[in-house]
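Student: Could you take me through one part of this model closely, namely its salt bridges and the charged side chains around them? I would like the criteria behind each term as well.

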Amino acid sequence: MKKKRNRSRPALPLQERLKQIAFRAREKAESSPPGQERDRLIRAAVATESAAVIERWLTSPGLQRPK
């Protein structure tokens, strides 16, 4: 017998979740002292913002497969 997959949908769209993750990382980086942890948080925020831009680009209506 096949096992059913959990198909619940996230409460927020991906774009919104990425914005929240980047915002929290930047907030935490601002309150952290200079060092490796702060640099890691800033890099994580930049990477998350880049992912949001790429996701927006990939889901744009101009990027549709040929018919």
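Tutor: What follows moves from the whole chain to its charged side chains and then to the residues around them.

This is a predicted model, in which local features need pLDDT of at least 70 and side-chain atom pairs count only at pLDDT 80 or more, while totals for chains, interfaces and linings use all residues. Residues are numbered from 1 along each chain as its sequence is written, and side-chain values use heavy atoms, with hydrogens and water left out.

The secondary structure of the chain consists of 2 helices and 0 strands, where helices (H or I, at least four residues) and strands (E, at least two) are DSSP runs numbered from the N terminus. The radius of gyration is 17 Å, whereas a compact globule of 67 residues would have a value near 11 Å; this radius is taken over C-alpha atoms, and the globule rule is 2.2 Å times the number of residues to the power 0.38. Along its principal axes the C-alpha trace spans about 50 × 40 × 20 Å. Of the 67 residues, 16% are buried, a label given under 20% relative accessible area, with exposed meaning over 50% and partly exposed in between (1.4 Å probe, protein chains only).

As for charge, the chain carries 17 positive and 7 negative side chains, and the centres of the two sets lie 16 Å apart. In this count Lys and Arg are positive and Asp and Glu negative, with His and the chain ends not counted, and the place of a charge is taken as NZ of Lys, CZ of Arg, CG of Asp or CD of Glu.

The structure holds 2 salt bridges, each being a side-chain nitrogen of Lys or Arg within 4 Å of a carboxyl oxygen of Asp or Glu. One of them pairs Glu 49 with Arg 26, with the closest N and O atoms 3.0 Å apart. This pair links distant parts of the chain, since Glu 49 lies in helix α2 and Arg 26 in helix α1 (residues 14-31), 23 residues apart. Glu 49 counts as partly exposed because its relative accessibility is 33%, and Arg 26 counts as partly exposed because its value is 32%.

The salt bridge between Glu 37 and Arg 40 has its closest N and O atoms 2.7 Å apart. Both Glu 37 and Arg 40 lie in helix α2, 3 residues apart, which is about one turn of the helix. Glu 37 is partly exposed because its relative accessible area is 40%, and Arg 40 is partly exposed because its relative accessible area is 42%.

Which charged residue is buried yet has no salt bridge? Glu 55 is such a residue, and the nearest side chain of opposite charge, Arg 56, is 6.2 Å away. Glu 55 sits in helix α2 (residues 36-58) and, not counting residues up to four places away in sequence, touches Leu 14 and Gln 15, contact meaning heavy atoms within 4.5 Å.

Seen from the other side, Gln 15 belongs to helix α1 and counts as buried because its relative accessibility is 18%. Leaving aside neighbours within four places in sequence, Gln 15 is in contact with Ala 52, Glu 55 and Arg 56.

Val 53, also found in helix α2, counts as partly exposed because its relative accessibility is 47%. The C-alpha atoms of Val 53 and Gln 20, 33 residues apart along the chain, are separated by 14 Å.
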